[in-house]
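Reader: I'd like to learn how to read a model like this one, feature by feature. Could you walk me through it?

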Amino acid sequence: MTMVRTTFNETRKGLIILWDYKFSMFTQLLGIFFVFIGIMFFVGQGSITQEQVASTVIGFIITFYAMETVSNMSWALQNEAQVGTLEQMYMSPAPTPLVILGRSFASLVSGTVEMVIVVIATMLLFQVTLPFSWAIIPILLITLVGLLGFGYLIGGLTLIFKQIGPIANLMQNFLLIGNGTFLPVSMMPAWLSAISLALPSTYGIVLMRRIMLDGETFMMLVRDGSIMWLGVQSVAYFIAGWLIYKFCERIARNQGTLGQY
């Protein structure tokens, strides 16, 4: 019960802070929209088709969550270290990874609002319609498990190296370009496709496109093993990310650098 309450309180606090700085959130929203349209324009070599928009919007949904998770995990810990409150966080009876998870939930809630606005604006601008299916919800949730694990990995590196902004940005850009958001995996060379499918967000994008664009059902994905593979990959990423975070945490404690910046 304490774990649930801690997660809820951190989520609530994060949402209050985000609302207090809603102008910054609105500016970020505009930036995301223009970057999204700009990349589609360049990928389409000067033109944007409805088919391209539909495919890219689906990829953008998961990629947006991936970028939010990576940035939140790293910047939250970095800011705590900057203001000198990271050690106090570790003195709390609540496990620090759980506190970070609560803050990630707050970021995901606000990010969902931003993402929905960008998707609706894009679909209206290019007059694109996507058939909604409830089957994408479990796919999205399973994918988020793996993304949170990837975020913990970045958070663990933050505890040791402190300033990892360039690494976090590199990871975000790699996910954006390499996970099939703008260029489907089926169009990539074999070696690049293998790397892309190993990322925590790619397979979720592939399955969402199969449902929303190809008309497949959730049970079809269950029968051919696609959902099971997505679940195995996501759980593996979460466990690996959690273990790496705890390992980095132990190193920072032993070095006495947990509160240093």
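**Reading the model, step by step**

Author: Let's start with one residue: Gln52 is found in helix α3. Keep in mind as we go that this is a predicted model.

Reader: Okay, is Gln52 buried or exposed?

Author: The number to look at is relative accessible area, and under 20% counts as buried. Gln52 has 16%, so it is buried. You can also place it by distance: its C-alpha atom is 9.9 Å from that of Phe41, and the two residues are 11 apart along the chain.

Reader: Let me zoom out. How many helices and strands does the chain have?

Author: The count is 11 helices and zero strands. Reading from the N terminus, you get α-α-α-α-α-α-α-α-α-α-α. As for burial across the chain, 49% of its 261 residues are buried.

Reader: Which residues have the most contacts inside the largest nonpolar core?

Author: The general idea is to look for buried nonpolar residues joined through side-chain atoms within 4.5 Å. Here the largest such core has 48 residues, and the ones with the most contacts inside it are Phe36, Phe60, Tyr65, Ile139 and Met208. Elements giving two or more residues to this core are α2 (22–43), α3 (50–83), α5 (96–126), α6, α7 (165–178), α9 and α11. The most comes from α3, with 11 residues.

Reader: You listed α9 there. How many of its residues are buried?

Author: In α9, 10 of the 11 residues are buried, so this helix is largely enclosed by the rest of the structure. The buried set is Thr202, Tyr203, Gly204, Ile205, Leu207, Met208, Arg209, Arg210, Ile211 and Met212. Met208 is worth a second look, as it is also one of the residues with the most contacts inside the largest core.

Reader: Arg210 is in that buried set too. Which side chains does Arg210 meet in salt bridges?

Author: Side chains of opposite charge can pair when their charged atoms come close. In this model, Glu216 meets Arg210 in a salt bridge at 2.9 Å, N to O. Asp224 forms a salt bridge with Arg210 as well, with the closest N and O atoms 2.7 Å apart. That second pair links distant parts of the chain: Asp224 sits in the loop between α10 (218–223) and α11, Arg210 sits in helix α9 (residues 202–212), and they are 14 residues apart. Put together, Arg210, Glu216 and Asp224 are linked in a network of salt bridges.

Reader: And how do Arg210 and Asp224 differ in burial?

Author: Arg210 has a relative accessible area of 18%, so it is buried. Asp224 has 44%, which means it is partly exposed.

Reader: How many salt bridges does a search of the whole structure find?

Author: It finds three. Besides the pairs on Arg210, there is one between Glu249 and Lys246, whose closest N and O atoms are 2.9 Å apart. Both residues lie in helix α11, three residues apart, which is about one turn of the helix. Their burial is worth checking too: Glu249 is buried at 6% relative accessible area, whereas Lys246, at 29%, counts as partly exposed.

Reader: Now helix packing. At what angle do α6 and α11 pack?

Author: For a pair like this, read the angle and the axis separation together. Helix α6 (residues 136–161) and helix α11 (residues 226–255) pack at about 20°, with axes 7 Å apart. Angles under 35 degrees count as roughly parallel, so α6 is roughly parallel to α11. Their crossing is left-handed. Sorted by class, the contact has 20 nonpolar, eight polar and one charged residues.

Reader: What can you tell me about Trp242?

Author: Trp242 is in helix α11. Its relative accessibility is 32%, so it counts as partly exposed. The C-alpha atoms of Trp242 and Gly151 are 9.1 Å apart, with their positions 91 residues apart along the chain.

Reader: Last one, backbone angles. Which residue has a positive phi although it is not a glycine?

Author: That would be Gln127, with a phi of about 55°. Gln127 is in the loop between α5 and α6, and at 64% relative accessibility it counts as exposed.

How values were computed:
Residues numbered from 1 in each chain as written. Predicted model: local features only at pLDDT ≥ 70, side-chain atom pairs only at ≥ 80, totals over all residues. Heavy atoms only, no water. Axes fitted to C-alpha atoms, helices over the stretch in contact; angles between N-to-C directions. Helix = DSSP H or I, 4+ residues; strand = E, 2+ residues; numbered from the N terminus. Parallel < 35°, antiparallel > 145°, perpendicular 65-115°, else oblique. Left-handed = near helix turned anticlockwise from the far one by under 90°. Nonpolar A, V, L, I, M, F, W, Y, C, P; charged D, E, K, R; others polar. Salt bridge = Lys/Arg side-chain N within 4 Å of Asp/Glu carboxyl O. Buried < 20%, exposed > 50% of the residue type's maximum accessible area, 1.4 Å probe, protein only.
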